[in-house]
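Let's take a walk through this structure together, with the coordinates open beside the text. The tour starts with aromatic side chains and then moves on to the ligand, the overall layout and a few backbone details.

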Amino acid sequence: MSDASFLSLDKLSLAYGKTIAVKELDLDIRKGELLALLGPSGCGKTTTMRAIAGLMTPVSGRITLDGADITRVPANRRNIGLVFQSYALFPHLTVFENVAFGLKLQGIGGDELTRRVDAGLKSVGLTAFSGRKTPDLSGGQQQRVALARSMVMQPKVLMLDEPLSNLDARLRLEMRTELQRMQKETGVTMIFVTHDQVEALALADRIVVMRDGAIEQIGTPEEIYNNPVSSFVADFVGFENLFAIRNGKLVAAGGIELDPAGPLPDAAGLAWRPRAIALGAGPFTGTVRGVSFAGGTREYLLESGFGTVKAEADVSVPGYPLNAEVAFDMPISAAAPLHRFG
Ligand SMILES: Nc1ncnc2c1ncn2[C@@H]1O[C@H](COP(=O)(O)OP(=O)(O)O)[C@@H](O)[C@H]1O
Ligand SMILES: [Mg+2]
């Protein structure tokens, strides 16, 4: 085992009855890494987590952790923590007792129990809430209790399945920062499941984009954000203008072909973020069908001869009113080339 493959999934296939949910997944996770699993609902994120945790037996393939094959090891002997979106705390127990629960099951008591629970509560900023019953806590605090409860077990891998999706936007941001800090401080290997690209980009060392039970792309946040390999990933990370390339032409979503503004790269398609569309001059024209103010920028919906184009421009430049005719360019140099389309 090397550090680069602390946790390895090797051709892992998972099914519910006859329904294949995950197909021959290969994935190597480094020790101490914060890995995000990103993908739309139903792509197999939770299923993959359940298999790693030992809550599901693979149809085929292998899971190794820290040099040992754990494919057939029971869940309670894997030393892997799993925190769900629903925190599943015991409402009749205090915060301290909730966090102590798993340790007590392992026969840990006395001073060691107190010391480890106190350290866990401190790491999530809940020391002052130790004696409270969990229903008296806010959503964010309950989330922290669930996190502390897993962390005190000193898992080899801590997995979090959409842990922030029940929280409001502000709390989500706060917890995100906190999770990242906690992970860096403890060095725990962490897999974070989300369907929110912003969350994945903000948190992760590496992102795994999943689609239909398979991996579509693995990369750093910068790689995923700047160099999506496919139209699927591009669409997921905010490239709102996607064009296939066929016979030297760009093909818009509706199937209409257009001549590109320059030579095309050797790719299956091109993708532009709204802010990569240059407004005010260029070979194309569009009618403004929507303008929305977004703080530092304005977002435009342009209706062109080949379909709707989404553009974004700084508010410091004069804006365009509804129904204005605007010339625009889609510079090839500002597009991300896609290796797969569709
Ligand atoms: N208990 C189940 N029984 C049958 N099919 C399931 C079950 N759980 C999930 N699936 C199916 O497996 C696929 C992957 O689901 P899941 O792993 O929950 O996706 P995600 O977590 O990415 O939203 C989906 O097609 C889903 O419908
Ligand atoms: Mg899920």
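## The aromatic cluster

Phe243 and Phe306 are both buried. In this predicted model, the two residues belong to one aromatic cluster, which is made up of Phe243, Trp272, Phe284, Phe306 and Phe328. If you would like to pick out the cluster on screen, Phe243 and Phe306 make a handy starting point, as both are buried.

## Aromatic pairs

How many aromatic pairs does the count come to? With ring centres required to lie within 6.5 Å, the count comes to eight. One of the pairs joins Phe90 and Phe101: their ring centres are 4.6 Å apart and their planes meet at 45°, so this pair is tilted. Phe90 sits in the loop between β6 (80–83) and α2 (95–105), while Phe101 is part of helix α2, so the pair ties together parts that are eleven residues apart in sequence. Are these two residues buried, exposed or in between? Phe90 has a relative accessibility of 29% and so counts as partly exposed. Phe101 is also partly exposed, with a relative accessible area of 35%.

Now back to Phe243 and Phe306. Their ring centres are 5.8 Å apart with the planes at 65°, and because planes over 60 degrees apart count as edge-to-face, that is the class of this pair. Phe243 belongs to strand β11 (residues 241–246), and Phe306 to the loop between β16 (297–304) and β17 (307–314), so the pair ties together parts that are 63 residues apart in sequence.

## An arginine over two rings

Arg273 is worth a look too. This residue lies over the face of Tyr225, at 3.6 Å from the ring centre. The charged end of Arg273 also sits over the ring of Phe239, 4.2 Å from the centre of that ring.

## Around ligand 1

Which residues surround ligand 1? The shell consists of Tyr16, Ala21, Pro40, Ser41, Gly42, Cys43, Gly44, Lys45, Thr46 and Thr47. By character, these residues divide into four nonpolar, five polar and one charged. Helix α1 (residues 45–53) gives the most to the shell, with three residues.

Several polar distances are easy to check on screen. A polar backbone atom of Gly42 is 2.6 Å from an oxygen atom of ligand 1. For Cys43, a backbone N or O atom lies 3.2 Å from a ligand oxygen. Thr46 brings in its side chain, with a polar atom 2.8 Å from an oxygen atom of ligand 1. On its own, ligand 1 has 560 Å² of accessible area, and the protein covers 57% of that.

## Helix α1

Is helix α1 mostly covered or mostly open? The helix is mostly covered, since seven of its nine residues are buried. The buried residues are Lys45, Thr47, Thr48, Met49, Ala51, Ile52 and Ala53. Two of these names, Lys45 and Thr47, also appear in the shell around ligand 1. After α1 comes Gly54, which has a positive phi near 95°.

## The chain as a whole

Stepping back, the chain has eight helices and 19 strands. Its C-alpha atoms fill a box of roughly 75 × 45 × 35 Å, taken along the principal axes. Of its 342 residues, 48% count as buried.

For a sense of scale, try Pro155 and Ser333. These residues are 178 apart along the chain, and their C-alpha atoms are separated by 46 Å. Pro155 is located in the loop between α4 (139–151) and β7 (157–161). With 10% relative accessibility, Pro155 counts as buried.

## Positive phi in two loops

Most residues other than glycine have a negative phi. Which phi does Gln154 have? Although not a glycine, Gln154 has a positive phi of about 45°. Gln154 is found in the loop between α4 and β7, and at 55% relative accessibility this residue counts as exposed.

Asp212 is not a glycine either, and has a positive phi of about 45°. Its place is the loop between β9 (206–211) and β10 (214–219). Asp212 counts as exposed, at 53% relative accessibility.

Conventions. Residues numbered from 1 in each chain as written. Chains lettered and ligands numbered in written order. Predicted model: local features only at pLDDT ≥ 70, side-chain atom pairs only at ≥ 80, totals over all residues. Heavy atoms only, no water. Phe/Tyr/Trp six-rings, centres within 6.5 Å; stacked < 30°, edge-to-face > 60°. Helix = DSSP H or I, 4+ residues; strand = E, 2+ residues; numbered from the N terminus. Buried < 20%, exposed > 50% of the residue type's maximum accessible area, 1.4 Å probe, protein only. Lys NZ or Arg CZ within 6 Å of the ring centre and 35° of its normal. Near = heavy atom within 4 Å. Polar contact = N/O pair within 3.5 Å; in protein donor to acceptor, adjacent residues only side chain to side chain. Areas by Shrake-Rupley, 256 points an atom, 1.4 Å probe, with all protein chains shown as cover. Nonpolar A, V, L, I, M, F, W, Y, C, P; charged D, E, K, R; others polar.
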